[in-house]
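The following exchange is written for a reader who meets this structure for the first time. Each answer sets a value beside the criterion that gives it its name.

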Amino acid sequence: MLYAIQAGDEGPIKIGKAKDPQKRLLVLQTASPFKLRLRAVCQWNDKNEWLLHNALKEFGSSGEWFHPTEEVERIVQMMRSDEFGLCMEMIGASEKAAPKK
């Protein structure tokens with residue numbers, strides 16, 4: 001599963017993959033001085049994590065963390081709505097990277 005976790009209401013957003021995003025949130029929270037919140041979880045294929053990271057690299061903060069720009073927020077909203085095709089179209093990725101259902 002792919003997930004989006006944000007530090008606070010306006011902090012950076014981590015886009016990653018985990019079998020259990022809720023557990024991942026708890027692990028990340030222990031090392032964070034900021035309150036983290038799970039913004040989105042979707043069943044997209046894990047390969048799409050790389051596609052998202054690559055498409056958002058110009059908005060990168062550190063590692064898998066991204067500044068909460070309009071573009072990053074749109075991706076998070078598409079993850080929440082499970083709009084895989086629209087998301088892949090937006091980032092210019094191939095439909096061959098189909099979601100895992």
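Q: What makes the largest nonpolar core of this predicted model a core, and which residues have the most contacts inside it?
A: A nonpolar core is a set of buried nonpolar residues joined through side-chain atoms within 4.5 Å. The largest such set here has 20 residues. Those with the most contacts inside it are I15, W44, L52, L56, I75, M79 and C87.

Q: Which elements each supply at least two residues of this core?
A: They are β1, β2, β3, α2, α3 and α4, the last spanning 84-91. The largest share, 5 residues, comes from α3. In soluble globular proteins, nonpolar side chains tend to be buried together.

Q: What does L56 touch, not counting residues up to four places away in sequence?
A: L56 touches I15, F66, E71, V72 and I75. Each of these counts as a contact because heavy atoms lie within 4.5 Å.

Q: Which residues are among those of the other core?
A: Apart from the largest core lies another, of 7 residues. Among them are Y3, I5, A18 and L36.

Q: How many helices and strands does the chain have, and what pattern do they follow along the sequence?
A: The chain has 4 helices and 5 strands. Read along the sequence, their pattern is β-β-α-β-α-β-β-α-α. Of the 101 residues of the chain, 40% count as buried.

Q: Why is β1 called largely enclosed by the rest of the structure?
A: Buried means under 20% relative accessible area. In β1, 6 of the 6 residues are buried, so this strand is largely enclosed by the rest of the structure. Both of its faces are covered: L2, A4 and Q6 are buried on one side, and Y3, I5 and A7 on the other. In a regular strand the side chains alternate between the two faces of the sheet.

Q: How do you know that β1 and β2 pair, and in which sense do they run?
A: Pairing requires at least two bridges between two strands. β1 and β2 have 5 bridges, in the antiparallel sense, and therefore meet the criterion. Within this pairing, Y3 stands opposite G16, and the bridge partner of A4 is I15. The two strands form a hairpin with 5 residues between them. In the turn, G8 has a positive phi of about 70°.

Q: What joins β2 to β5?
A: β2 and β5 (residues 65-66) run antiparallel and are joined by 2 bridges. The requirement is at least two, so they too count as paired. I13 in β2 stands opposite F66 in β5. β2 itself is mostly covered, with 4 of its 5 residues buried.

Q: How many bridges join β1 to β3?
A: There are 6 bridges between these antiparallel strands. A7 stands opposite L36 in β3.

Q: Why is the contact between E49 and K17 called a salt bridge?
A: The criterion is a side-chain nitrogen of Lys or Arg within 4 Å of a carboxyl oxygen of Asp or Glu. For E49 and K17 the N to O distance is 3.9 Å, so the pair qualifies. E49 lies in helix α2 (residues 47-55) and K17 in strand β2, so the pair ties together parts that are 32 residues apart in sequence. The structure holds 4 salt bridges.

Q: Why is E49 called buried and K17 partly exposed?
A: E49 has a relative accessible area of 9%, and the limit for buried is under 20%. K17, at 42%, falls between the limit for buried and that for exposed, which is over 50%.

Q: What makes D9 and R37 a salt bridge, and which parts does the pair tie together?
A: Their closest N and O atoms are 3.6 Å apart, and the cut-off is 4 Å. D9 lies in the loop between β1 and β2 and R37 in strand β3 (residues 36-42), so the pair ties together parts that are 28 residues apart in sequence. D9 is exposed, with a relative accessible area of 62%, whereas R37 counts as partly exposed at 32%.

Q: What is the N to O distance between E73 and R39?
A: It is 2.8 Å, and the two side chains meet in a salt bridge. E73 in helix α3 (residues 70-81) and R39 in strand β3 are 34 residues apart, and the pair links distant parts of the chain. E73 is partly exposed, at 24%, whereas R39 is buried, at 9%.

Technical notes
Residues are numbered from 1 along each chain as its sequence is written. This is a predicted model: local features need pLDDT of at least 70, side-chain atom pairs count only at pLDDT 80 or more; totals for chains, interfaces and linings use all residues. Side-chain values use heavy atoms; hydrogens and water are left out. Buried means under 20% relative accessible area, exposed over 50%, partly exposed in between (1.4 Å probe, protein chains only).
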